[in-house]
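Load the model in your viewer and keep the selection box ready. We will go stop by stop.

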Amino acid sequence: MRASFVFSEVITGLRRNITMTIAMILTTAISLGMFGGGLLFVRTIDKMQANYLDDVEVTVYLNDEVSDNDSACSSATCTTLRQSLETNPAVESVVYENRDQAYQRFQEIFEGQPDLVELARPESLPASLHVKLFNPERSDVIVQEFSAMEGVDSVDDQNKFLDRFFGLLNAGRNGTFIVALIAALAAVLLIANTIQVSAFTRRTEVGIMRLVGATRWYTQLPFLLEAVVAGVLGAIIGTGGLVALKYLVLDSILATTGGVIPPILLTDVLFPVSIILLGVSVLISSVTGYVTLRLYVRH
């Protein structure tokens, strides 16, 4: 009977302040949806880093003298450079690419842009050594050691480009979390205000219950559960919004990237993101409700 009374009070409280309840649920859903989007952002960045770090190379571009006269890396300059790379403990493999091979690869990469392919000539592309490392994050060691060696024109570190690229993505992720934090603050204020209004509306009932011996927890539990129920509903709506966003918007956008950005799977949204959103909603709503009751409903 006590449990049924508590839950009936929760339903009554939610219905009595229906407009504030709806606003609280929607604000919570928006903040949690933004937070969930940030978590998906993080998972996508982690997937991209795992995928791209496996393919990161350091490209040692050779000067015109070697590129013009050595198609098989048989000259003393190229051989010495290649052997130095292959014996370096940080290097996993070294592949030589002459000018003709570089031009052929250029044509394959830009086959969709015939005007650009027509303008390019084999002599404009240098020969190069493609260096794969055991640990791509240590690419700066190769750059520093081989940039000044004989026969080297320049050294291109793909890891630096990826660092800048992922830096931009991380900035977008941080922006998402900041917006989510602002929305969460609005949700906390709404939860606190809703509990205060609900407690004020039922102050006479609560006073009578305290007079007949009801404990403080028993009289305040319905208000606390109102906040938790609203938070859970907000988490469910926020998760539903993320699922809808995936199928209606993100899938079509990511499909146009040609696999550069990995797709977001339904399992990414449901596990663990939805579980995290549910836990965060219960934590925020219960803590906010408890603090509000302790500060506002003292007697």
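Which residues in α8 and α11 meet? Keep in mind that this is a predicted model.

**Stop 1: α8 and α11**

Select V188, I191, A192, I195, Q196, A199 and F200 in α8. Then add their partners in α11: I284, S285, T288, G289, T292, L293 and Y296. By class, this contact has nine nonpolar residues, five polar ones and no charged ones.

Now show both helices in full. α8 covers residues 158–201, and α11 covers residues 266–296. They pack at an angle of about 45°, with axes 9 Å apart. The two helices are therefore oblique to each other. Their crossing is right-handed.

**Stop 2: a cis bond in α11**

Zoom in on F271 and P272. The peptide bond that joins them is cis, with omega about 0°. P272 sits in helix α11. Keep P272 selected, since α2 comes next.

**Stop 3: α2 against α11**

Show helix α2, residues 18–53. How do the axes of α2 and α11 cross, and within what distance do they come? They cross at roughly 140° and come within 10 Å. That makes α2 oblique to α11. This crossing is right-handed.

On the α2 side, select L32, F35, G36, L39, L40, R43 and K47. On the α11 side, select D268, V269, P272, V273, I276, L277, V280 and S281. P272, from the cis bond, is thus one of the contact residues. Color by class and you get ten nonpolar, two polar and three charged residues.

**Stop 4: L242 in α10**

Select L242. This residue lies in helix α10, residues 216–255. Is L242 buried or exposed? It is buried, with a relative accessible area of 6%.

Show its neighbors, leaving out residues up to four places away in sequence. L242 touches G33, G36, G37, L40, V269, V273 and L277. Among these, G36 and L40 belong to the α2 side of the previous contact, and V269, V273 and L277 to the α11 side. Draw a distance from L242 to V269, C-alpha to C-alpha. The two are 7.1 Å apart in space and 27 residues apart in sequence.

**Stop 5: T176 in α8**

Go back to α8 and pick T176, which is in that helix. At 16% relative accessibility, T176 counts as buried; the cut-off for buried is under 20%. Beyond residues up to four places away in sequence, T176 touches M34, G37, G38 and F41. G37 is also touched by L242.

**Stop 6: T59 in β1**

Move to strand β1, residues 57–62, and select T59 there. Its relative accessibility is 2%, so T59 counts as buried. Which residues does T59 touch, not counting those up to four places away in sequence? They are S128, L129, H130, S154, V155, D156 and Q158. Strand β3 spans 128–133 and strand β4 spans 152–157. Both will return at the α4 stop.

**Stop 7: C73 in a loop**

Select C73, in the loop between α3 (64–69) and α4 (76–86). Check its backbone torsions. C73 has a positive phi of about 55°, although it is not a glycine. C73 is also buried, at 7% relative accessible area.

**Stop 8: the buried face of α4**

From that loop, step into α4. Select its buried residues, C78, L81 and L85. Look down the axis: these residues fall within an arc of 70°, so they line one face of the helix.

What covers the buried residues of α4? The cover includes β1, α3, β2 (91–97), β3, α7 (139–146) and β4.

**Stop 9: the two sides of α5**

Finish at helix α5, residues 99–109. Select R99, A102, Y103 and F106, the buried residues of α5. They cover an arc of only 100° around the axis, which puts them on the same side of α5.

Rotate to the other side. D100 and E108 are exposed there. Then add the cover over the buried residues of α5: it includes α3, β2 and α6 (114–119). α3 and β2 are also among the elements that cover the buried residues of α4.

Key:
Residues numbered from 1 in each chain as written. Predicted model: local features only at pLDDT ≥ 70, side-chain atom pairs only at ≥ 80, totals over all residues. Heavy atoms only, no water. Axes fitted to C-alpha atoms, helices over the stretch in contact; angles between N-to-C directions. Helix = DSSP H or I, 4+ residues; strand = E, 2+ residues; numbered from the N terminus. Parallel < 35°, antiparallel > 145°, perpendicular 65-115°, else oblique. Left-handed = near helix turned anticlockwise from the far one by under 90°. Contact = heavy atoms within 4.5 Å. Nonpolar A, V, L, I, M, F, W, Y, C, P; charged D, E, K, R; others polar. Buried < 20%, exposed > 50% of the residue type's maximum accessible area, 1.4 Å probe, protein only. Arc of directions from axis to C-beta.
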